[in-house]
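This report describes a two-chain model from its overall architecture down to single residues. Please read it alongside the sequence and the coordinates.

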Amino acid sequence: MLKSRRNEILVAMVLIAPFVAVYGWLFIYPTIQMVRLSFTNAPLIGAGDWIGIDNYVRLFTDRIFKTAVWNTLYFVILTVIPGTAVALVIALMVSRLRGWLQAIVLAAFFLPFILPVTVVYLIWWWVFDPQFGIAQYIIEPIVGQPVSVWRRPDWFLPMAALVTVWWTNGFSILLFLAGLRNISSEIYEAAALDGASRWQRFRRITWPLIWPVTALCLTIQLILQLKIFDQVYLFSLGGRTNTTMVLVQYIYEQAFVHNKGGYGATIAVALFVIVVAVSVLQYQALRARGAR
Amino acid sequence: MKGILRTALAAAAIAALGVSAQAKETVVWWDFLGGGDGVRMKKMIEDFNKAHEGEIEIQATTLDWGVPFYSKVQTSVAVGEGPDVMTYHASRIPLAVSQNILQEITADDWAALGMGQDSFANAIWDAVTVDGKQYAVPLDTHPIVLYYNKDKLAAAGLIGDDGLPKGLNGIENFSAAMKTIQDGGTKWGLSTFNAAGDFQFRTIYSLLCQQDGQMMTDGQWLAGDNIDKLTNAVKVVADWVNDGYAPAYTEYPAGIALFTSGESAMHINGVWEVPTFTDLAAKGELGFEWGAVELPVFFDHACTYSDSHAFALPANAGKDMSPEKRAAVLEVIKGIVNQGLFWATAGHIPALKSVTDSAEYQAMEPNATYAVLTANMVYDPKSVFAGVASPMYSAAANAFTAAVNGEVDAADAVAEMKEELDGLQ
């Protein structure tokens, strides 16, 4: 009995060994190296000298780092909940359609998701172009003049968030649609017989039953948007990056433009800590909501 | 077993013989030329490969311009995986030298190339020199120039008897000229890529030089009255927008479109856009006569920002270049640099004086007209923080984008830039 248990453990070890080895080599080892690097003044290439916690001291007095933390959180606020809410609304509408019409409408909403970020960037770059962009026909009557949204710090992140929601929403819509299809129509029929209004049916049936999917969407979006880089980097090229900076962009800027690998690693460690903290917070919040 | 071994050895020997008999050198080449100049470079490489068939073969790869290119070069050279030869911006050489990733171009190399200090304009030679040593072979120099719509300038009485623009020198005269043009029914006097402050740095830096100002003196950023001179320069560019002569927040393609559609009479951009206008004119789609000249003199004397594409030999870590390989690489550089006349069709001014002095080049227009500016060029300050896609450009992007579009006062923007530059260590 004991022997076979030991055998089982051995077999299990052998079976997970390849994964553990690859995971250790590709994830754990680089992470340790990154933390080590954050205590040095290394340039982009080659090793640096050990400088203790100097990088971390600098981090706390770094104005741009503070801007980057705030901008990243602001971007998360602008995208995660609004994006998920929009996806739920669209999914609810799409689920009322039937047959080929539903397929076409769903495809229309999903299409942006398959575009590469560079294409998304070029499309929206022209849409908002101050001289030739079609969005200026909406902006100009409201604001009174064309607005260069990618060069104005107050416009930049909200518009980048809008583009991001447009771009990534298709995936959340699909998840919601799958969740909605899982809710048995019998429950709705029973509720209708009992005289439940449409709002009551949503509030009492759809919302609680779709909650696991909502939680999943929120979690995926949160992790994705904390790591925001591509769109913000592309839209801010040549512009006022110090005011529109997000965290991953600041890592890139320090390591690759300023040739400061050590300080770049320090910011990466800070981002790591922020992601862990926010994830734990969100997990607790979602669990509390689920238990109710 | 012995038999197999013998056969294998024999095969290896034959293979080795074959290689030495051919003695063909493969030169791995990286460049960042993705635009119209990239097409021309590919043609030059093809021609070179055809002319040297069986002797030298260039294996070229085109990579992304800017930070991605230089990051890749730095990291790959550090592990010995860099190319044999690569294009490099002269302005980026100081950083590369500080990281030991470039090989020196020695006196022997220059002899093999058949070139030397006298072959190039002073500013170009100086740009590839760090502490008295050269680290790259210049291919061209690519300044910014003033493109103009000849029809519109002529209508405003701004074309002289020599067929070139006149009356544009001086801040007031230039503004007055733009006003005349706009009074004549043209929407804008000038268009330029002012949505990006780093691009505007090129114009502003030219105007700084026109006042004998410098970004860096003795390792100090904007010391003494340089800060005021830079403010003056920013103010000139900002006033074009403030006074309604140039549209604010113009993106790169939009700036070109405004010029080609006739909505702006003048356009400031790099010489690399020459093929765009040449091609449009050749297809009969431009609809007006155009030209390009050296930037007008706004302050004390003529001066224009420029940079050079050059060929550099990476110092691949742990790999010594064989003499045969080095000879092949130098042959490649020599072959391409000497084709400057063809390269000039990309707008760039060839680095070799022998090319720009030739009758063929002098007959090329508008190239020959603006090429006179090589006597008045200023390159980036020699600092590891300067050069294209450098921290200095990033500081310029932040400070100038707001300033040249009238959102921030010129003096505040320059102070902000100095603060950021001083923070670089």
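The text below covers chain A, its contact with chain B, two sheets of chain B, and a few backbone details.

**Chain A**

The model is a predicted one. Chain A contains 13 helices and zero strands. Its radius of gyration is 24 Å, well over the 19 Å that the globule rule gives for 292 residues, so chain A is more spread out than a compact globule. The C-alpha trace of chain A spans about 80 × 75 × 35 Å along its principal axes. Of the 292 residues in chain A, 34% are buried. Among the contacts in chain A with a separation of 6 or more, 69% are between residues 24 or more positions apart.

**Contact between the chains**

Chain A meets chain B through 17 residues of its own, which are in contact with 23 residues of chain B. Two helices of chain A, α11 (241-244) and α12 (247-257), each supply at least two residues of the side that touches chain B. That side of chain A has six nonpolar, eight polar and three charged residues.

**The four-strand sheet of chain B**

One open sheet of chain B has four strands in the order β9-β12-β8-β13, and its pairing is mixed. The edges are formed by β9 (188-192) and β13 (290-293) of chain B; each has a single partner strand, so one side of each is left without a neighbour in the sheet. From one strand to the next, the twist averages 25°.

Strand β8 (residues 144-149) of chain B runs antiparallel to β13(B), and four bridges join them. Within this pair, N149(B) stands opposite W290(B). With strand β12 (residues 264-270) of chain B, β8(B) also pairs in the antiparallel sense, over five bridges. There, L146(B) has I268(B) of β12(B) as its bridge partner.

Is β8(B) buried or exposed? Six of its six residues are buried. In a regular strand, side chains alternate between the two faces of the sheet. In β8(B), I144(B), L146(B) and Y148(B) are on one side and V145(B), Y147(B) and N149(B) on the other; all are buried, and both faces of the strand are covered.

**The five-strand sheet and its helix**

A second open sheet of chain B has five strands in the order β2-β1-β3-β15-β6, again with mixed pairing. At its edges stand β2 (56-62) and β6 (137-138) of chain B, each with a single partner strand, so one side of each is left without a neighbour in the sheet. Inside the sheet, strand β3 (residues 85-89) of chain B pairs with strand β15 (residues 309-312) of chain B in the antiparallel sense over four bridges. The bridge partner of Y88(B) in β15(B) is A310(B).

Helix α13(B) packs on this sheet and touches β1 (25-31), β2, β3, β6 and β15 of chain B. The direction of α13(B) makes about 55° with that of β1(B). This helix (residues 323-337) has 15 residues and reaches 21 Å from its first C-alpha to its last, close to the 21 Å expected at 1.5 Å a residue. Its buried residues are A328(B), V329(B), L330(B), V332(B), I333(B), I336(B) and V337(B).

**Backbone details**

Two residues have a positive phi without being glycine, as the table shows.

| Residue | Phi | Other C-beta atoms within 10 Å | Burial |
|---|---|---|---|
| N259(A) | about 60° | 23 | buried |
| D218(B) | about 50° | 6 | exposed |

Where do these two residues lie? N259(A) is found in the loop between α12 and α13 (261-291) of chain A. D218(B) lies in the loop between β10 (216-217) and β11 (220-221) of chain B. N259(A) counts as buried because 23 other C-beta atoms lie within 10 Å, and the cut-off for a buried residue is 20 or more. D218(B), with 6 such atoms, falls under the exposed class, which takes in 12 or fewer.

Chain B also has a cis peptide bond, between E365(B) and P366(B), with omega at about 5°. P366(B) lies in the loop between α16 (359-362) and α17 (367-370) of chain B.

Terms used. Residues are numbered from 1 along each chain as its sequence is written. Chains are lettered from A and ligands numbered from 1 in the order in which they are written. This is a predicted model: local features need pLDDT of at least 70, side-chain atom pairs count only at pLDDT 80 or more; totals for chains, interfaces and linings use all residues. Two residues are in contact if their C-beta atoms, placed from the backbone, lie within 7 Å. Ala, Val, Leu, Ile, Met, Phe, Trp, Tyr, Cys and Pro count as nonpolar, Asp, Glu, Lys and Arg as charged, and the others, Gly among them, as polar. Two strands pair if DSSP finds at least two bridges between them. Axes are lines fitted to C-alpha atoms, for helices over the stretch in contact, and angles run from 0 to 180 degrees between N-to-C directions. The radius of gyration is taken over C-alpha atoms; the globule rule is 2.2 Å times the number of residues to the power 0.38. The expected span of a helix is 1.5 Å times one less than its number of residues.
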